[in-house]
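Reader: I am new to reading structures, and I would like to look closely at one buried position before I think about anything else. Please start with what surrounds that residue, and then lead me outwards step by step.

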Amino acid sequence: MALKLIPYHKMNVLIIEDLAEMRSSMKSMLSAIGVQHTESVNNGEDALKKLRNNTYDLVFSDYELGRGKDGQQILEEVRFNNLVKPSSVFIMVTAAQTQDMVMGALEFEPDGYIAKPVTLELLKTRLVRIIRTKDIYKDINVALDDENIEDALNSCNRLAMERPKFALPAYRIKGKILIKEGRFEEAKDIYETVLGIKRVAWAILGMAKVHFFCKEYEQAQNLLESLAKTKAKYVEAQDWLAKSLEEQGKYKAAQKVLMEAIAQSPKSVRRQQALARVAEKNGDIEIMWKSCRKAVALGQNSCFKTPEVFIGLAKSLQPKIKNGSMRDKKLCTVEALNLIESARTDFELTTILSLKCSLVEAETLINSGKEEEGKLAYRVADTVMEMTANLSLDDRLDIFNTKLQFETEDNAMTYGKQVLTDIAGNKRLQVKYFQIIEVFLNNRPDERLALVKERGEDLLLREDVEDALDLYLRACTFKDADEDIYLGVLKSIIGRFKKGRPDRHLTQKCDELFKKLESLPESDPRHPTLEQLKFQWEEITGDA
Amino acid sequence: MPNNDIRGELLAASIHEIKNRLGLMFGELDDVLSDIDLSNKQQLQVQRIKSESQFVGNELVRVLASYKSLSDDFCVNVDQHFAVEFLEEVIARHSYTVAAHNLQFTLDCDEDVSGFFDNSILFIILDTCIYNSIKAGAKNIKLSATEDDQYLYLFIEDNGPGFPEELLEGDFSQGSISIESQSTGLGLFFANKLIQSHQEADLTGSIQLSNNLSGAKVTLTIPL
């Protein structure tokens, strides 16, 4: 390739770096190679503001930016909103320690990486390399700058034809463009071609995305799971896996995948939003609260900000408002009401979302002891409810929960029974339904215990040991938990072991409960059951 | 789980943890050191500390990868990489090594040479070769690459004393290790295992050792 001089003096450069010293050192190194226009910012929020209002030819972003967004989050917004022209160069600067973790983004990838410590010589060599590589795709990128899709696609084909070495990268770009344009059949062809040559990760992800958009969720899931086996660090693949699981209603599996992805890379707004969404579906309030809180904080000044997590956060604060210390109660009430206010003022809410807002508002008020104001808010919600069609079953369970607090028990239960009928065989929603009643009966322990026992026996009868175990373990913490509950726990644990899912912690729990039940007199009608369970347990533990 | 497996898992988990903690520590150290004015002599010492800490970090990464390579479900993640870009990156990663050991890298590679490999694995293999050269006392290391219809070839040549005869004669791929060249032999044994996980049709990656006029030469062969 002919050596062209790179016109550094004409370039507009942005440096995103939190440490002042590093900023000035980058600046002086850049000016040493001829760059004349540099600007710098010290955080992601300011960076996005600059990127929205100016045009840069070259952007350096540090990956680790202290609090707030990290480099990958900036890059995602940049790519998502086209804040940097396709022909411009975006470089991620990484610390040596995190380099391997950071490198290898499949979906939102920078044009290149530079490892710290950045020396003048390193900067020169890496810059020349990255800019010259970028130059190979110039025709494609210029066409994309002008939003001329056909030209861009043709340029991809031409590059693949003329320089076979660059066929795969050309197809990679082509596949992305086709997906963005919704031309899934063509995208499928491209990825099939590539996968016929090599099973490269980006093509597997690309194909999985095509399946996802074509609503072939199970195929998407299979591809993504095969990808997870090769290398766990592709968090983007995990995001798509979680999405595919979510679409199939496999919320627990989706939550597990998202929690792993977040442990690895916690600063993605959309990942936190996704976790908040599935945790709500799973009725996991603690996780919902954590992820909503992170999503709200990370979403500031982000194009990915959504009202759902504001309302979700207010909703997940309710247990603290209801049962927390005086201090928690006060703080959380103020926070929840502020969130509801922000959701209403910062977004254009759909009918369903404004209904959710009013429901949470009513709940916040009544839980914090402002009964009259709560009733007013509920009345607003009630009128919206009447007018809203297409409520999901999850929404209707929320409504049922609020009705229990604001309407006569008969009215609320009539509504609840109807929802329960509509839930039919959906186990997840049944669990949620019974949890709502359980919480409602908090102050009526006799009825609560009776409900739990009835529900538990029902679950065991259907061999749903996991849900039964959850229920009985929760009931163990009730003050009035009795032998029936302990036996229920034992039955569920033994059932679980028999299904081939042993757990060390549960073994301890079993031993503990058998000890507790030693006082059960032989005359008790439940004694034979206990003996039988003991026998089964010895069989299990004897084997191990 | 049999005891042997547990033993391995325990070590692997612990090394993983150590690696992460060291990474954090070295990061902090970098920050502290960059805030201090140092004399020239101290600068040199700092370079050595950094180089050593990088070595420890790389070594742990290598041990973990080698450990994983022994398991049945180990699989590499290949993508197309251009040799020149990859080798430049290798040199860039060794900036501390260069400063601390007075090392000189040269690179000789056509722009268009490319291959299919897992670059995180190849970084480890190159590290093994480079540290071997340094241990042997080499001051110049030349990295180069070529390709033919079937393979990509990466060459690592140094100006050290060359490999000991028994290493050249013995079959290091079988893990036969002599006393004198123990660490070198073991490193290459695992490097060979890692490169063997690069397969295409009936072709398999491999490592060849030789001595040329100037010193040791390692040839990495990776199927296209």
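Author: Leaving out residues up to four places away in sequence, A:Ser244 touches A:Phe212, A:Tyr217, A:Ala220, A:Gln221 and A:Leu224, where touching, or contact, means heavy atoms within 4.5 Å. This is a predicted model, in which local features need pLDDT of at least 70 and side-chain atom pairs count only at pLDDT 80 or more, whereas totals for chains, interfaces and linings use all residues. Residues are numbered from 1 along each chain as its sequence is written, chains are lettered from A and ligands numbered from 1 in the order in which they are written, and side-chain values use heavy atoms, with hydrogens and water left out.

A:Ser244 belongs to helix H12 of chain A, which covers residues 235-247; helices (H or I, at least four residues) and strands (E, at least two) are DSSP runs, numbered from the N terminus. The relative accessibility of A:Ser244 is 1%, and therefore the residue counts as buried, a word that stands for under 20% relative accessible area, with exposed meaning over 50% and partly exposed lying in between (1.4 Å probe, protein chains only). The side chain of A:Ser244 also reaches the backbone oxygen of A:Trp240, at 2.8 Å.

Stepping back to the whole of chain A, one finds 28 helices and five strands, and buried residues make up 51% of its 544 residues. Its C-alpha trace spans about 95 × 60 × 45 Å along the principal axes. Chain A is divided into domain 1 (8-136), domain 2 (144-264) and domain 3 (444-544), with bounds that come from an automatic or database domain assignment. The C-alpha centres of domain 2 and domain 3 of chain A lie 46 Å apart.

The next step outwards is the partner chain. Here 28 residues of chain A are in contact with 31 residues of chain B, and the area buried between the two chains is about 2500 Å², with carbon and sulfur atoms giving 44% of it. Buried area is the accessible area (1.4 Å probe) that two parts lose on being put together, summed over both.

Seven salt bridges are found across the interface of chain A and chain B, each being a side-chain nitrogen of Lys or Arg within 4 Å of a carboxyl oxygen of Asp or Glu. A:Lys198 forms a salt bridge with B:Glu200, and their closest N and O atoms are 2.7 Å apart. Between the chains there are also 11 residue pairs in polar contact, both residues having pLDDT 80 or more; a polar contact is a pair of N or O atoms within 3.5 Å, where within protein one must be able to donate a hydrogen and the other to accept it, and residues adjacent in sequence count only if both atoms are side-chain atoms.

On the side of chain A that touches chain B, at least two residues each come from helix H4 (99-102), helix H5 (120-136), helix H8 (167-180) and helix H10 (201-213), and H5(A) has the largest share, with six residues. By class, this side of chain A holds 12 nonpolar, five polar and 11 charged residues, where Ala, Val, Leu, Ile, Met, Phe, Trp, Tyr, Cys and Pro count as nonpolar, Asp, Glu, Lys and Arg as charged, and the others, Gly among them, as polar.
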